[in-house]
Amino acid sequence: MIELKGLFKLAPAAAIKYFRRKGQTFTWDWYELWQDAHKKTFTVAKVMREDILKDIRSALDKALSEGKTFKEFQKELKPTLQKKGWWGEQIVVDTQGNAEKVQLGSMYRLKTIYAVNMQTSYMTGRYKTQMDNVDNRPYWEYVAVLDNRTRPEHAQLHGLIYRYDDPFWASFYPPNGWRCRCRVNALSGYNLKKKDAKPGNSTGTLSQEMRLVSKKSGEYKPVTVYTDPLTGKKIAPDVGWSHNPASGLNDI
């Protein structure tokens, strides 16, 4: 789980501005908002009441602005959700009028809600800072957290270096999935020389493939796939994460 106090140095003002400028909408499934739409719209799957959506958003805003950890976040929000009945397994009518047994609030769901919104907001702030400094640090390095919780695919991306304007970053600027902890380091020419490294070129390594979005609907949508030129292994972000959450947001 990401710790806010460790990330707070990553352009918090831009992260907060990004989060606050979003609109909001109701969705039954997270995938109803596809990729780029999540840049501009806040949603929590299966929250169909405006007051509950506002409660969750307010708690996340407070966590961002005050640098609260997940423990602090859930301690304040959980009693509110329980009091309002958005907790545990319940029979709920979806947007199509169908009754379905679903998991509403839980500690696992709160961890996911917290991690997704915190990480996306902070990485957007980091992206803004790095874009503002591309004249001095135009080379970007993909950095994964190399521990036993890291996806093997993300570990394989660790150490890849491309210019900031390489097409790779349009699809693989982190986060690249649920609870992804990866980040990007910006490097100068001097940094590259010290590393004895050269920037790559993603030409010929990126392609589009259809991936299953929902077992329930059977829907497939295109995602960007990176093919490792040495091993031939194909690596893709989680379905729905094949985009840069910050690109195109010039006013943050």
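A residue counts as buried when its relative accessible area is under 20%, as exposed when that area is over 50%, and as partly exposed in between. K68, at 12% relative accessibility, is therefore buried. The structure described here is a predicted model. The points below cover its largest pocket, its salt bridges, a nonpolar surface patch and some features of the backbone.

**The largest pocket**

- The largest pocket encloses about 970 Å³ of space.
- Its lining consists of 43 residues, and those closest to the pocket centre are D29, W30, Y31, A45 and W178.
- Several elements each give two or more residues to this lining, among them the helices α2 (12-20), α3 (37-40) and α6 (107-131). The strands β2 (41-42), β4 (99-103), β8 (206-214) and β9 (219-227) do likewise.
- Helix α6 provides the largest share of the lining, with eight residues.
- By residue class, the lining of this pocket divides into 17 nonpolar, 13 polar and 13 charged residues.

**Salt bridges**

- Side chains of opposite charge can pair when their charged atoms come close.
- The structure contains 18 salt bridges.
- One of them joins the side chains of R20 and D61, with an N to O distance of 2.7 Å. This pair links distant parts of the chain, since R20 belongs to helix α2 and D61 to helix α4 (residues 50-66), 41 residues apart.
- Within this pair, R20 has a relative accessibility of 48% and counts as partly exposed, whereas D61, at 18%, counts as buried.
- E66 forms a salt bridge with K68, and their closest N and O atoms are 3.4 Å apart. E66 is partly exposed at 47% relative accessibility, while its partner K68 is buried at 12%.
- R211 and E209 form another salt bridge, in which the closest N and O atoms lie 3.1 Å apart. R211 is partly exposed, with a relative accessibility of 28%.
- R49, D51, D55 and K84 are joined into one network by salt bridges that share partners.

**Nonpolar surface patch**

- M210, L212 and Y220 make up a nonpolar patch on the surface, and together they have about 310 Å² of accessible area.
- L212 is located in strand β8. Its relative accessible area is 34%, so L212 is partly exposed.
- M210, a member of the patch, lies 9.8 Å from V225 in space, C-alpha to C-alpha, and the two residues are 15 apart in sequence.
- V225 itself is found in strand β9. With a relative accessible area of 0%, V225 is buried.

**Backbone features**

- P174 and P175 are joined by a cis peptide bond, with an omega of about 5 degrees. P175 sits in the loop between α8 (168-172) and β7 (183-187).
- R179 also lies in the loop between α8 and β7. This residue has a positive phi of about 60 degrees although it is not a glycine. Its relative accessibility is 29%, so R179 counts as partly exposed.
- D196, likewise not a glycine, has a positive phi of about 55 degrees. D196 is placed in the loop between α9 (189-195) and β8. With 71% relative accessibility, D196 counts as exposed.

Note on methods. Residues numbered from 1 in each chain as written. Predicted model: local features only at pLDDT ≥ 70, side-chain atom pairs only at ≥ 80, totals over all residues. Heavy atoms only, no water. 1 Å grid on protein atoms, 1.4 Å probe; cavity = no way out; pocket = protein on both sides within 12 Å on 5 of 7 lines; lining within 4 Å. Points joined across faces, edges and corners; volume = space filled by probe spheres on them. Helix = DSSP H or I, 4+ residues; strand = E, 2+ residues; numbered from the N terminus. Nonpolar A, V, L, I, M, F, W, Y, C, P; charged D, E, K, R; others polar. Patch = residues over 30% accessible without salt bridge, like charges linked within 9 Å, V, L, I, M, F, W, Y side chains within 5 Å. Areas by Shrake-Rupley, 256 points an atom, 1.4 Å probe, with all protein chains shown as cover. Salt bridge = Lys/Arg side-chain N within 4 Å of Asp/Glu carboxyl O. Buried < 20%, exposed > 50% of the residue type's maximum accessible area, 1.4 Å probe, protein only.
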